[in-house]
Amino acid sequence: MAVPLPGDKTVVAQNYPLYIRSVPTESELKFHYMVHTSLDVVDEKISAMGKALVDQRELYLGLLYPTEDYKVYGYVTNSKVKFVMVVDSSNTALRDNEIRSMFRKLHNSYTDVMCNPFYNPGDRIQSRAFDSMVTSMMVQVC
Amino acid sequence: MSWTPCFLSMLSTLVLGVSVPPGALDCWVFLSCLEVLQRIEGCCDRVQIDSNIAHTVGLWSYATEKLKSLGYLCGLVSEKGPNSEDLNRTVDLLAGLGAERPETANTAQSPYKKLKEALSSVEAFEKHYLDLSHATIEMYTSIGRIRSAKFVGKDLAEFYMRKKSPQKAEVYLQGALKNYLAEGWALPVTHTRKQLAECQKRLGQIENYLQTSSLLASDCHLTEEERESFCREILSFAGRQTDSPGHKIVLPLHSFAHLRDLRFTPPNAVVHVGGVLSVEITVCSQMPVPVQVEQIAIHVHFSIEKNNYRKTAEWLTKHRAAGGLVSFPTEAAPCPAPQSSLPALELCEMFERSPSDNSLNTTGIICKNVHMLLRRQESGAALEASTGVALEDGAHVLKCTSVTLEPGANTITFRTQAREPGTYTLRQLCASLGPVCFVLPHIHPPVQYDVYSQEPQLRVEPLADSLLAGIPQKVKFTVTTGHYTVKNGDSLQLSNIEAMLILCHAENRAVIYSNTREKASDAALRVQSSDKVTSISLPAAPAYHMIEFELEVLSLPSAPAAGGESAVLGTTEPHWKHRDTQKASHSMATTDHRVSIDCPWSIYSTVIALTFSMPFRTTHSLLSAGTRKYVQVCVQNLSELDFHLSDSNLVAAGDSSDLRLVPLHTDSQQHVRSEQAAFFVWELKWTREPPPPLHGQFSVGFSPASEQRLSVSLKPYTYEFQVDNFFTLYSVTAEISPPPGAELCKTGALCSLEVTITRLADLLEVDKDEALTESAEYFSTKLMYEVVDNSSNWAVCGKSSGVVSMPVCARATHRVHMEVMPLFAGYLPLPDVRLFKYLPHHSAHSSQLDADSWIENDGLSVDKHVDEQLDSSSIRSRGSGHSAASSEHKGLPMPRLQALPPGQVFNCSAGTQVLVVPSKDDHVLEVSVT
């Protein structure tokens with residue numbers, strides 16, 4: 001079961017990882033490629049709903065695309081910080097609602113990180129609280 | 001049209017439960033994808049398909065992926081072609097496909113035929129795979145999914161690598177790498193670089209390969225073994241003997257090592273010609289193993305900036321910050337974070353108010369540097385730019401040979417001897433390993449050091465803030481040797497001037513300092529004085545050192561200027577007077593002494609001006625008590641030192657036989673502290689009346705209170721002054737008496753003021769002026785009296801001044817009565833009575849003589865004019881009359897008043913007070929608060 005959870009921030013055309021983590025570390029590279037490619041779809045979805053009013057916008061982007069073994073979900077905050085989650089497609093326990101709540105948890109935790117006055121927006125996230133939250137989420141899913 | 005993902009997910013879930021031979025599933029998926037795509041193409045027109053690429057491209061990519069995996073499975077991608085096992089598997093798969101369904105059997109292009117064809121031969125597979133891949137990449141690119149396109153491109157590159165055509169693979173790898181670098185994805189970057197390194201190695205692009213290798217060797221995402229192997233690649237290349245020895249491979253330094261800081265010794269990075277400068281750099285090697293570097297060099301740019309004050313020795317040695325350490329910012333780490341190049345947002349608030357009632361219309365935040373933030377990011381090219389690293393060739397290079405760079409921080413020290421004066425800017429850092437050079441093209445922030453050459457210099461400055469005249473003062477001599485080496489026997493020749501002595505002591509010592517103000521040695525100083533010249537022999541000192549020593553000087557002002565017959569030497573006040581007037585009265589009078597010094601290094605003499613200040617200011621005043629006279633001399637100490645004053649003496653020069661001065665002060669010694677004054681009083685007595693004018697010569701010995709024993713005897717301080725006409729001629733008495741019937745004066749009630757002016761002497765020489773008139777039996781002079789009350793205690797009723805004719809003979813008295821009214825109650829001082837000599841007007845100005853007659857003539861002419869033109873316009877006559885009147889007024893001569901010298905009038909009632917009681921019917925009480 002692999003859940004790489006990168007938070008991706010967009011500044012104009014830049015999509016660099018703020019945080020990326022995956023459980024089976026041996027196939028980390030594959031997930032990096034997968035998440036990176038999925039940003040195309042995220043960008044597409046964001047630009048498609050760009051005209052919608054900000055407060056009415058749905059942050060959860062839903063399933064970005066499926067592959068044979070994994071499902072890739074996306075989420076974008078109001079400040080265009082992107083969250084991408086890759087889950088094993090055999091895991092049927094993860095329905096849309098669970099994914100949604102996981103994203104919400106991630107978002108809350110990310111907001112906490114941003115509230116840290118010593119955190120420089122745009123830096124890689126090195127918060128221990130964020131780490132432990134992601135770990136607990138991964139453990140719960142597995 | 002979002003059924004594509006649904007379809008795909010359905011496919012994937014359906015397939016999972018069934019167990020099939022390897023590849024069968026791939027075949028099925030491939031076929032299904034192509035079937036679906038064909039069906040879509042069949043029912044939609046071209047425009048619709050184009051607009052739905054976003055939905056169909058997933059299937060294309062899926063099909064490509066499956067074909068690829070089938071190809072790998074069946075050995076169609078390998079270099080040698082499929083082996084027997086691969087062939088068996090292919091046959092199995094083809095058999096598993098079964099027969100083509102009848103509805104498509106007749107079409108030329110069907111997914112079934114495609115798959116069958118692709119699996120049947122290596123060439124056909126290549127053709128189909130390339131077709132599919134290119135189509136997918138094209139589609140992705142057209143809808144803007146660049147990342148996905150790059151990912152498919154990477155797969156394609158892998159395929160090309162297997163097919164032994166690295167030149168085709170390189171384009172895709174470079175493209176993907178550029179994308180990953182721009183977005184800062186470290187792991188994909190490392191992986192792609194690894195592939196690229198392999199590709200470049202096969203292509204024989206040595207420079208690019210070595211550069212990629214150096215990047216990989218410093219990549220922390222790789223394992224230690226991998227890094228070492230890449231590092232060894234570089235080292236082995238560097239160790240190889242090249243055919244063309246002149247050829248160098250120039251690589252950027254940042255992947256190999258990183259310059260962390262740089263330190264100069266001396267810390268201000270300023271050295272004199274011939275001095276030694278050392279530059280210590282800290283380089284962090286990013287290689288996993290120690291690297292033996294043949295040479296590390298810093299290329300230096302040399303520039304001469306002449307006629308620039310900032311490059312002179314004085315400025316450089318004083319003003320350059322002694323930091324010494326220059327830190328360089330860490331360059332982009334293995335995973336570059338592109339956001340670091342973005343400037344911070346500069347926001348400011350904005351309020352827009354309506355112009356009519358100033359109410360707030362809009363508020364907002366304005367970003368001031370939008371143009372910086374929204375600039376198009378020209379990423380990629382700059383991030384891995386390897387081109388343009390040019391090796392600068394300059395004559396000035398700091399070198400360090402055979403250095404071993406351990407992983408991590410290394411300290412390398414360069415030493416250089418400064419030769420030519422000028423500014424040296426460090427430009428490039430270059431580490432060479434055989435033919436490989438790692439170059440840091442620009443050292444930023446700019447670092448430079450300066451080399452200066454200095455002329456020898458002599459500076460003479462007082463130790464204290466100002467030098468005081470009359471007492472020994474220390475003066476510091478500083479010889480900055482510059483490029484001159486002071487030899488034994490070199491001496492400074494000071495031309496003596498009379499008014500300034502150089503006091504020689506036996507134990508004068510000179511201290512020699514090095515350029516960095518460290519004490520090098522000290523030596524005895526020999527000072528020899530002759531009539532004209534004082535010679536100071538300097539101790540031997542090397543170039544760029546400083547010799548410092550102190551000498552005592554004593555300023556002796558020249559002999560008294562006001563030629564007195566007495567041979568009193570010493571400071572004279574009149575000598576300073578003319579300077580004194582120019583300066584503020586409270587500052588000290590100064591005198592300049594110019595000393596010319598001959599230095600051994602120059603044929604010209606140095607002229608040094610020393611300014612001495614007089615520590616004292618002296619004033620005198622004449623005091624009267626009736627006819628008795630006193631002279632007071634006030635000596636004010638302006639300096640910061642305390643002084644002892646002794647042997648004060650006042651001598652009347654000239655006709656001294658008629659005047660006698662009796663000192664009224666008793667102490668022979670007086671102590672005068674800083675900023676305080678001492679007073680001396682003499683009573684003036686005379687034997688002959690009237691007494692002659694007094695030419696006073698005051699002298700007082702002084703010595704600083706802090707120094708008890710002085711090696712030299714000090715000259716006394718003198719002051720000359722003159723007092724004329726001090727003999728009392730008139731005595732003035734004023735008396736206020738209450739109104740008749742009352743006991744005391746009351747506010748608001750008129751009192752009588754009686755002023756009595758009494759002549760005390762007979763006709764004297766001083767009375768002989770224009771005011772003196774001679775009548776039959778006596779002389780008389782005209783005096784004007786004036787009653788003035790400056791403190792507004794009294795209101796003078798009626799005339800407050802008048803002219804009296806005073807007979808010039810002893811005991812002649814004139815009384816004046818006046819009415820004054822006290823305005824306040826209490827003890828009030830009497831109003832002042834002033835006495836002036838009244839000089840008649842006709843003798844006032846010789847140039848304006850006959851002013852009266854001129855007025856008369858003018859008046860006559862006016863009259864005549866009016867008479868003549870009686871019936872003419874009145875305006876004109878009035879105008880002329882007016883002009884006459886105004887000129888008359890202007891030309892009116894006023895009688896002159898001459899104040900009597902203070903000694904000639906004695907005011908008997910000065911200081912007396914009168915008691916004034918408040919009147920009972922005072923209803924209004926005036927309170928003034930000041």
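Helices, and strands likewise, are taken here as DSSP runs, a helix being a run of at least four residues, and they are numbered from the N terminus. With that in mind, the reader can follow this report on a predicted model, which begins with pairs of charged side chains and then turns to chain A, to aromatic rings and to the surface.

## Salt bridges

Over all chains, the structure holds 24 salt bridges. One of these joins two residues of a single helix: Arg232(B) and Glu228(B) both belong to helix α13 of chain B, which covers residues 224-239, and they stand 4 residues apart, about one turn of the helix. Their side chains meet in a salt bridge with an N to O distance of 3.1 Å. Are these two residues buried or exposed, or something in between? Arg232(B) has a relative accessible area of 47% and is therefore partly exposed, while Glu228(B), at 23% relative accessibility, also counts as partly exposed.

A second salt bridge crosses between chains. The side chains of Arg147(B) and Asp40(A) meet at 3.0 Å, N to O, and this pair runs from helix α9 of chain B (residues 146-162), where Arg147(B) lies, to helix α1 of chain A (residues 28-48), where Asp40(A) lies. Since residues under 20% relative accessible area are counted as buried, Arg147(B), at 5%, falls in that class, and Asp40(A), with a relative accessible area of 4%, is buried as well.

Arg147(B) also forms a salt bridge with Glu183(B), and here the closest N and O atoms are 2.9 Å apart. This pair links distant parts of the chain, for Arg147(B) is in helix α9 of chain B and Glu183(B) is in helix α10 of chain B (residues 166-183), 36 residues apart. Both Arg147(B) and Glu183(B) are buried. These residues belong to a wider arrangement, in which Asp40(A), Asp43(A), Lys82(A), Arg147(B) and Glu183(B) are linked in a network of salt bridges.

The three salt bridges described above can be set side by side.

| Salt bridge | N to O distance |
|---|---|
| Arg232(B) and Glu228(B) | 3.1 Å |
| Arg147(B) and Asp40(A) | 3.0 Å |
| Arg147(B) and Glu183(B) | 2.9 Å |

## Chain A

Chain A, which supplies Asp40(A), has 3 helices and 5 strands, and from the N terminus on these elements follow the order β-β-α-β-β-β-α-α. Of the 142 residues in chain A, 52% are buried. When contacts in chain A between residues at least 6 apart in sequence are considered, 54% of them join residues at least 24 apart. The chain exposes about 6600 Å², and carbon and sulfur atoms supply 53% of that area. Chain A also contains an aromatic cluster, formed by Tyr60(A), Tyr75(A), Phe83(A), Phe103(A) and Tyr110(A).

## Aromatic pairs

Over all chains, the count of aromatic pairs comes to 31. In one of them, the rings of Phe256(B) and Phe438(B) have centres 4.2 Å apart and planes at 10°, so the pair is stacked. Phe256(B) lies in the loop between β1 (249-252) and β2 (257-265) of chain B, whereas Phe438(B) lies in strand β12 (residues 436-440) of chain B, so the pair ties together parts that are 182 residues apart in sequence. Phe256(B) and Phe438(B) are both buried.

Another pair has a tilted arrangement: the ring centres of Phe680(B) and Phe698(B) are 5.4 Å apart and their planes stand at 50°. Phe680(B) is in strand β31 (residues 677-686) of chain B and Phe698(B) is in strand β32 (residues 694-704) of chain B, so this pair ties together parts 18 residues apart in sequence. Phe680(B) is buried, with a relative accessible area of 2%, and Phe698(B) is buried with a value of 0%.

## A strand residue and a surface patch

Val651(B) lies in strand β28 of chain B, which covers residues 643-653, and with a relative accessible area of 40% this residue is partly exposed. Which residues does Val651(B) contact, leaving aside its neighbours within four places in sequence? They are Leu661(B), His695(B), Gly696(B) and Gln697(B). Val651(B) and Ser699(B) are 48 residues apart in sequence, and their C-alpha atoms are 8.5 Å apart in space.

Elsewhere in chain B, Leu345(B), Leu347(B) and Ile365(B) make a nonpolar surface patch of about 340 Å². Leu345(B) sits in the loop between β6 (325-327) and β7 (347-353) of chain B, and with a relative accessible area of 55% Leu345(B) is exposed.

Definitions and conventions: Residues numbered from 1 in each chain as written. Chains lettered and ligands numbered in written order. Predicted model: local features only at pLDDT ≥ 70, side-chain atom pairs only at ≥ 80, totals over all residues. Heavy atoms only, no water. Salt bridge = Lys/Arg side-chain N within 4 Å of Asp/Glu carboxyl O. Buried < 20%, exposed > 50% of the residue type's maximum accessible area, 1.4 Å probe, protein only. Contact = heavy atoms within 4.5 Å. Areas by Shrake-Rupley, 256 points an atom, 1.4 Å probe, with all protein chains shown as cover. Patch = residues over 30% accessible without salt bridge, like charges linked within 9 Å, V, L, I, M, F, W, Y side chains within 5 Å. Phe/Tyr/Trp six-rings, centres within 6.5 Å; stacked < 30°, edge-to-face > 60°.
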